[in-house]
Amino acid sequence: MDVKDSNGNLLAEGDSVTLIKDLKVKGSSLTLKRGTVVKNIRLTNSAAEVEGRAGGSTMVLKTEFLKKA
């Protein structure tokens, strides 16, 4: 299964990615700002999602809002 960022670059376990858009976190008042770097991502069972630590907690992020750092 190939996991790709918004530009079509392949993502791998342990890569760093950057947010390309401000994202509101569901169930929280937290907003992740554009340009935030998420390091050491983990791949999930879905090609459209990765897991990483951002804003002090682990969360699942959609790859359409990420670019490889």
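These legends describe close-up views of a predicted model of one protein chain.

**View 1. The whole chain is built from strands.** The protein chain holds eight strands and zero helices. Read along the sequence, the pattern is β-β-β-β-β-β-β-β. The C-alpha atoms fill a box of roughly 35 × 20 × 15 Å along the principal axes. The radius of gyration is 11 Å, which agrees with the value near 11 Å for a compact globule of 69 residues.

**View 2. Burial, surface and contacts of the chain.** Of the 69 residues, 29% count as buried. The protein chain exposes about 4400 Å². Carbon and sulfur atoms supply 46% of that exposed area. Among contacts with a separation of 6 or more, 47% join residues 24 or more positions apart.

**View 3. The largest pocket and its lining.** The volume of the largest pocket is about 260 Å³. Its lining includes Leu 23, Lys 24, Val 25 and Lys 26. Leu 32 and Glu 49 also line the pocket. Further along the chain, Met 59, Val 60, Leu 61, Lys 62 and Phe 65 belong to the lining as well.

**View 4. Strands at the largest pocket.** Two elements, strand E2 (23-24) and strand E7 (57-62), each give two or more residues to the lining. E7 gives the most, with four residues. By class, the lining has seven nonpolar and four charged residues. No polar residue is part of the lining. Glu 49 is one of the residues in this lining, and Glu 49 is also touched by Thr 63, the subject of the next view.

**View 5. Thr 63, a buried loop residue.** Thr 63 sits in the loop between E7 and strand E8 (66-68). Its relative accessibility is 7%, so Thr 63 counts as buried, the cut-off being under 20%.

**View 6. Contacts of Thr 63 along the sequence.** Leaving aside residues up to four places away in sequence, Thr 63 touches Val 3, Lys 4, Asp 5, Ser 6 and Leu 11. With the same exclusion, Thr 63 also touches Ala 47, Ala 48, Glu 49 and Val 50. Asn 45 lies 18 residues from Thr 63 along the chain. The C-alpha atoms of Asn 45 and Thr 63 are separated by 13 Å.

How values were computed
Residues numbered from 1 in each chain as written. Predicted model: local features only at pLDDT ≥ 70, side-chain atom pairs only at ≥ 80, totals over all residues. Heavy atoms only, no water. 1 Å grid on protein atoms, 1.4 Å probe; cavity = no way out; pocket = protein on both sides within 12 Å on 5 of 7 lines; lining within 4 Å. Points joined across faces, edges and corners; volume = space filled by probe spheres on them. Nonpolar A, V, L, I, M, F, W, Y, C, P; charged D, E, K, R; others polar. Rg over C-alpha atoms; globule rule 2.2 N^0.38 Å. Buried < 20%, exposed > 50% of the residue type's maximum accessible area, 1.4 Å probe, protein only. Contact = heavy atoms within 4.5 Å. Areas by Shrake-Rupley, 256 points an atom, 1.4 Å probe, with all protein chains shown as cover.
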